[in-house]
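This report describes a single protein chain for a reader who is new to structural analysis. Please keep the sequence and the structure in view while reading.

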Amino acid sequence: MKNPDRLLIIDFGSQVTQLIARRLRELHVYCEIHPFNKVTEAFLAEFAPKAVILSGGPASVFAEGAPLPPRAVFGLGVPILGICYGQQAMMHLLGGKVQRGHGTAEFGRAYVTPTEEKLSILDGWFAEGREQVWMSHGDHVSEIAPGFQVYGTSPSAPFAITADPARHFYAVQFHPEVHHTPKGAKLYENFVKLAGFKGDWTMDAYREAAIQRIRDQVGTAKVICGLSGGVDSSVAAVLIHEAIGDQLTCVFVDHGLLRLGEAEQVVTMFRDHYNMPLIHADESDLFLGALEGVSDPETKRKIIGKLFIDVFQKHAHDVGGAKFLAQGTLYPDVIESVSFSGGPSVTIKSHHNVGGLPEKMGLKLVEPLRELFKDEVRALGRELGLPASFIGRHPFPGPGLAIRCPGEITREKLDILRQADAVYIDQIRKHGLYDEIWQAFAAILPMKTVGVMGDHRTYDFALALRAVTSVDGMTADYYPFTHDFLGETATRIIQEVPGINRVFYDCTSKPPGTIELE
């Protein structure tokens, strides 16, 4: 299959640029996000976008070295949509004017009123005279570029919606990608229809194209796949196996930080159901030995990441000289690990599968899922025939229980945690709540508390329960269990798991918290 029609999103650093891509993927339009400083004339010629969206961003066009798209974008002859800062950059480059805030900044909910003129990308808007939108801007357009007209205004943005329909250039001061612009999805739908997208990008088409890309990249070489047992690496493994068969060997690293019975479940599924070459590398002594006495969460992650690479490197030789390492890297990992400006970004947590491989490994990466979001990976897994019970599993982090065991890790604490987590998940399944929850887990806290059981004093560990709802893991809210459920679950855990005498429920959202404790 030939490459699908592609829409290019040029990123200027907005915190919600990723939402633009999600809205377009929901419309079955294939798109990619690229930082503005990577979009050169040569890039545009190779990428050949069918349409372009200029994202929002925190900068000002007045700033020295302000991020701007190349002027060549406007000579492509394709529809262009500028959003917030993208609108300002468009006006600035095409002959309009942008004015600093000076009391006209807008942040949050606003209302846009239409002018008398009609515009195709606004079909379905303004049925009741005005539309709610989400604004987040300091500067604003004060004079539109030649050829543009005004199609919508807000109290602080007289050019909230502008367009030059003859050239198919459109620009809005608000963010149609966010939930607080209720008809934003309709605006995107109108834009991609106008650009000629058929909305025919499907997971079956992606599967077909991905298999061909894997074959073209790998040729006759051997590949090892770092199989964690999670959905991402499992889908990647099955997809690659479909492409190259026994050229692939999966390496399942049992680092001693897995959930109860997890190693057996993963090995059985891949060896028995998929007849896939699989090395079960029991490296628990190696990992737990290196983590002994370590309590800093970032140090834990770095130790685990380094050891993963060492283990993969060792087994690359065992399979007769593998040339490639496959990973289940997703699109959010790629986006979050690249600063839009090419400068330093704040690291919240290290990811053991992000950022490429050390040169010493001598292996090239195969990342067939790096263009997909989490829900799209699940859809691909269903397309590939993975069991529904497996596809619907909650995410499980690469560092495993290490980051659900704040403070020092010991084998005793891990054994207690495995049993407690199993009881908790069993409770969730028994009450029919598993599929309503994005992720749920138990974490053993670095503290002991006094309790009383059977007239005897206890001094045992405290346990935290965590369950969140989310769409993509970027933001999350705690799941509102009933008090009856929490009471029943706490009672079961304390009665069935020696070493726990107190249970807490974590009701922190993300932000300010993260989903995992470390």
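How many aromatic pairs does the count come to? The rule joins rings of Phe, Tyr and Trp (its six-membered ring) whose centres lie within 6.5 Å, with planes under 30 degrees apart called stacked, over 60 edge-to-face and the rest tilted. By this rule, the count comes to 16 aromatic pairs.

The model is predicted: local features need pLDDT of at least 70, side-chain atom pairs count only at pLDDT 80 or more, and totals for chains, interfaces and linings use all residues. Residues are numbered from 1 along each chain as its sequence is written, and side-chain values use heavy atoms, with hydrogens and water left out.

**Aromatic rings**

A pair of aromatic rings is described by the distance of the centres and the angle of the planes. Y424 and F481 form an edge-to-face pair, with 6.3 Å from centre to centre and 70° between the planes. This pair links distant parts of the chain, 57 residues apart: Y424 belongs to helix α13, whereas F481 lies in the loop between β19 (477–478) and α14 (483–496). Helices (H or I, at least four residues) and strands (E, at least two) are DSSP runs, numbered from the N terminus. Ring pairs also link Y424, Y478, Y479, F481, F485 and Y505 into a cluster.

**Nonpolar cores**

Both Y424 and F481 are buried; the term means under 20% relative accessible area, while exposed means over 50% and partly exposed lies in between (1.4 Å probe, protein chains only). A nonpolar core is a set of buried Ala, Val, Leu, Ile, Met, Phe, Trp, Tyr and Cys residues joined through side-chain atoms within 4.5 Å. The largest such core has 93 residues, and F270, Y424, I428 and F481 have the most contacts inside it. Helix α6 (residues 231–244) gives the most to this core, namely nine residues. A second, separate core has 38 residues, including V29, M135, Y170 and F191.

**Three residues compared**

The table gives the place and the relative accessibility of three residues.

| Residue | Place | Relative accessibility | State |
|---|---|---|---|
| S234 | helix α6 | 0% | buried |
| R492 | helix α14 | 18% | buried |
| H179 | loop between β11 (169–172) and α4 (184–194) | 67% | exposed |

Contact means heavy atoms within 4.5 Å. Not counting residues up to four places away in sequence, S234 touches L227, G229, F270, L386 and F390. With the same exclusion, R492 touches V423, D426, Q427, K430 and V497.

**Helix α4**

In α4, the buried residues are G184, L187, Y188, N190, F191 and V192. Their cover includes β1 (6–11), α1 (17–26), β3 (51–54), β4 (80–83) and β11. After α4 comes G196, whose phi is positive, near 95°.

**The second largest pocket**

On a 1 Å grid over the protein atoms alone, a pocket is an open set of points where a 1.4 Å probe fits, with protein on both sides within 12 Å along at least five of seven lines; lining residues have an atom within 4 Å of a point. The second largest pocket holds about 510 Å³ of space. Its lining has 20 residues, of which R259, Q265, R393, I425 and R429 lie nearest the centre. The elements that give two or more residues to this lining are α7 (262–273), α12 (388–391) and α13 (411–430). The largest share, six residues, comes from α13.

Notes. Points joined across faces, edges and corners; volume = space filled by probe spheres on them.
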